[in-house]
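Subject: Structure for you to look at, with notes

Dear colleague,

Here is the structure that I promised to hand over, and my notes on it follow below. Please keep it open while you read, since the notes go from residue to residue.

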Amino acid sequence: MTAGGAIGRKVSLLMPNRDGAATLDLVLGRLAAHTTYPKAELIVVDDGSVDDSRPMLRRWRDSGRFGDFNLIEKEASGVVDTLNAGLAAATGEIVVQLDADASIETPGWLETMLAFFLSDERIGVLSPKVIIDTGVVHAYGVTLVDPAGMHDRGARPTEPVGRRSLHSRVERFPEAPGDVGSQAAEVDAGIGCCMMYRREVALAVGGYDPGFQPVWFDDLDLALSIRRAGYKAFFVPDVRVVHHLGRRAAAERAGSIRQRAMAAARVRGGALLSPGVRSAVVRRLGLDDPPPEHLARLRHHYSYWQTKWGWDPLNPDMEEIRRRWGDTEVCWSLEPERRQAGAEIVSAYHSERGGTTTQAGDLAYHRRHGFLPPPAWSSLTRYDHILDVIRTRGLCDLDADFLEIGVLLGGGVFQLAKLLERGAPGHKVIAVDIFEPGVDATTCTTGNDMASIYRSVLEDRDQYEIYTAVVGELSNVETVVGDSTQVELPTERIAFAHIDGNHDPVYVRSDFENVWRKLVPGGVVAFDDYGFDLPEVTETVDALRAEHASEIVDFWVAGLKTAFVQKAS
């Protein structure tokens, strides 16, 4: 268990590129500087660039700034085909679609997004805050199922509802404190310049639809397809992305006299007008009309969307949407129960982070588990997925005790005890810890040792005193103070054990063997930090699985980094 950072599943960062030389150095430089997550691969697929993109990408690949950089060079065939090529090459469980003209501006961004994404198994798509390089909001997620039709969340359509002609005709506003992008929220879809999803789910729904070749709407369609498969989509404000549309457009129009003149007119006129008047003037003068080839592509995409999804993306028939998709997550915003479920996911996330919605998060937790949570600071790892496993596997019905090895501040013991109190009141939780934070000298891949991490969490406070304050009033907790390799467990029957003690392989192996001997048939052992930043834990668990293969009926990983092993009945 580590404080800070969420390091677990392998992530594939998927970036398509076509003639992006104007922004590539900036974007890759920011990405290298701000990606601290150790289990990430970068896949850049170049779609037949004719500018300086390929030499630049080769230089970045060979620089060593990214530990795992896979450059794929292919003939030009369109962004959709390019994205599918990258998706096929990805080896991560989780994928983040990126753009070659969008820079990640938040250090530790991937850990932040993963913390939200993996907080609930119902989350299928996640996008952060995207700001255009002019300072106005590009998107806080995307709205699709709405009477006003398709538009970026945070922007306002400027055409009348029911009579829209272009999705790009919207008024955009400067990023501002307290705006709609200041809180996490459920949204219809993510935006492709930074969109997280599960690779397995994306492949199952068909990947990026070639019907949207060569470019545009592929991200929205994929997000909605993931919703159709039963997952939810969310926006998280804690990561900021800048979309360098101005820089790229400047490079593209450098050779066009007409485009330079139009750009100059926009700048001169726009500086004198309010946003509302500016939008009207721009439209009246035809300055927002796409080039003919772009307009033809948009008309095709609007038509294809209607054929595929059954509604006009700009002027939707809401009743038809409800008729077709009312029993799926596509219509989440139209169904109170689905909206409530999304709100509870957001509340639980804010509650865990000590945010302003702690009360709502506590109530959501209570509805899910039947009791109020311990203090947020008392548990450094989520237990929702652990409690869910105990319930769904019927572990409270096995007529045996629960065990926690490594209690730290007591929040995990509290939750196990409360669940057992409701499900098996005749049994107890045995909590084992040496209560000497400096004993675990195991070093993480980040270079930090566990003893230092624990000391930073405790801040010179007494661990046992804090633990007792959290669990002291629970009558079904028996605390055993001592080295877990030497203590005698005061039970002969264990239904569930969570092992998160000393991370040295000798301790991991000893803790497992001591539990396994007393684990009842059908019981489950859970290990923290599996596939995480302590590779010795993962290697030892895998070795134990192989040694006990004939006695194991199931193995799976849930949450950020918890491995579960179930004993055969």
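W516 is buried, as its relative accessible area is 3%, and I begin with this residue because its partner F512, at 1% relative accessibility, counts as buried too. Please bear in mind throughout that this is a predicted model. F512 and W516 form a stacked aromatic pair, with 5.0 Å from centre to centre and 25 degrees between the planes. The two residues are four apart in helix α18, so about one helical turn separates them.

The helix that carries this pair also packs against another one. Two packed helices are described by the angle between their axes and the distance between the axes. Helix α18, which covers residues 505-518, and helix α19, which covers residues 535-547, pack at an angle of about 35 degrees with their axes 9 Å apart, and the crossing of α18 and α19 is right-handed. On the α18 side the contact is made by P505, V508, R509, F512 and E513, while α19 contributes E536, V537, T540, V541, A543, L544 and E547. Taken by kind, the residues of this contact of α18 with α19 divide into seven nonpolar, one polar and four charged. F512 therefore appears in both parts of this account, being stacked with W516, buried at 1% relative accessibility and one of the residues through which α18 meets α19.

Aromatic residues turn up elsewhere as well. A search of the whole structure finds 21 aromatic pairs, and one aromatic cluster is formed by F212, F217, Y302, Y304, W305, W309, W311 and W325. W305 of that cluster is also among the residues that L220 contacts when neighbours within four places in sequence are left aside, the others being V142, L144, M150, A189 and G190. L220 lies in helix α6 and, at 8% relative accessibility, counts as buried. Of these contacts, A189 is 31 residues away from L220 in sequence, yet the C-alpha atoms of the two are 5.9 Å apart in space.

Two further residues show how distant parts of the sequence are brought together in the model. D25 lies in helix α1, which runs over residues 21-34, and it counts as partly exposed at 34% relative accessibility. Leaving aside neighbours within four places in sequence, D25 is in contact with M56, R59 and W60, and between D25 and W60, which are 35 residues apart in sequence, the C-alpha to C-alpha distance is 8.5 Å. R382, in turn, has its place in the loop between α13 (358-369) and α14, where R382 is buried with a relative accessible area of 15%. The C-alpha atoms of R382 and K561 are separated by 10.0 Å, although their positions lie 179 residues apart along the chain.

Some points of the backbone deserve a look of their own. Most residues other than glycine have a negative phi, and most peptide bonds are trans. The bond that joins Q213 and P214 is a cis peptide bond, with omega at about -5 degrees, and P214 is placed in the loop between α5 (199-204) and α6 (218-228). D399 has a positive phi, near 55 degrees, and is found in the loop between α14 (384-392) and β15 (401-405). The phi of F435 is likewise positive, near 55 degrees, and this residue lies in the loop between β16 (429-433) and α16 (450-458). How do D399 and F435 stand in terms of burial, buried or partly exposed? D399 is partly exposed, with a relative accessible area of 48%, whereas F435 counts as buried at 13% relative accessibility.

Finally, some totals for the chain as a whole. The chain has 19 helices and 21 strands, and buried residues make up 56% of its 569 residues. Among the contacts with a separation of 6 or more, 77% are between residues 24 or more positions apart. The chain exposes about 23400 Å², of which carbon and sulfur atoms supply 51%.

With best regards

Definitions and conventions: Residues are numbered from 1 along each chain as its sequence is written. This is a predicted model: local features need pLDDT of at least 70, side-chain atom pairs count only at pLDDT 80 or more; totals for chains, interfaces and linings use all residues. Side-chain values use heavy atoms; hydrogens and water are left out. Axes are lines fitted to C-alpha atoms, for helices over the stretch in contact, and angles run from 0 to 180 degrees between N-to-C directions. A crossing is left-handed if the near helix is turned anticlockwise from the far one by less than a right angle, and right-handed if clockwise. Contact means heavy atoms within 4.5 Å. Ala, Val, Leu, Ile, Met, Phe, Trp, Tyr, Cys and Pro count as nonpolar, Asp, Glu, Lys and Arg as charged, and the others, Gly among them, as polar. Buried means under 20% relative accessible area, exposed over 50%, partly exposed in between (1.4 Å probe, protein chains only). Accessible areas come from the Shrake-Rupley method with a 1.4 Å probe; for residues, only the protein chains shown count as cover. Rings of Phe, Tyr and Trp (its six-membered ring) pair if their centres lie within 6.5 Å; planes under 30 degrees apart count as stacked, over 60 as edge-to-face and the rest as tilted.
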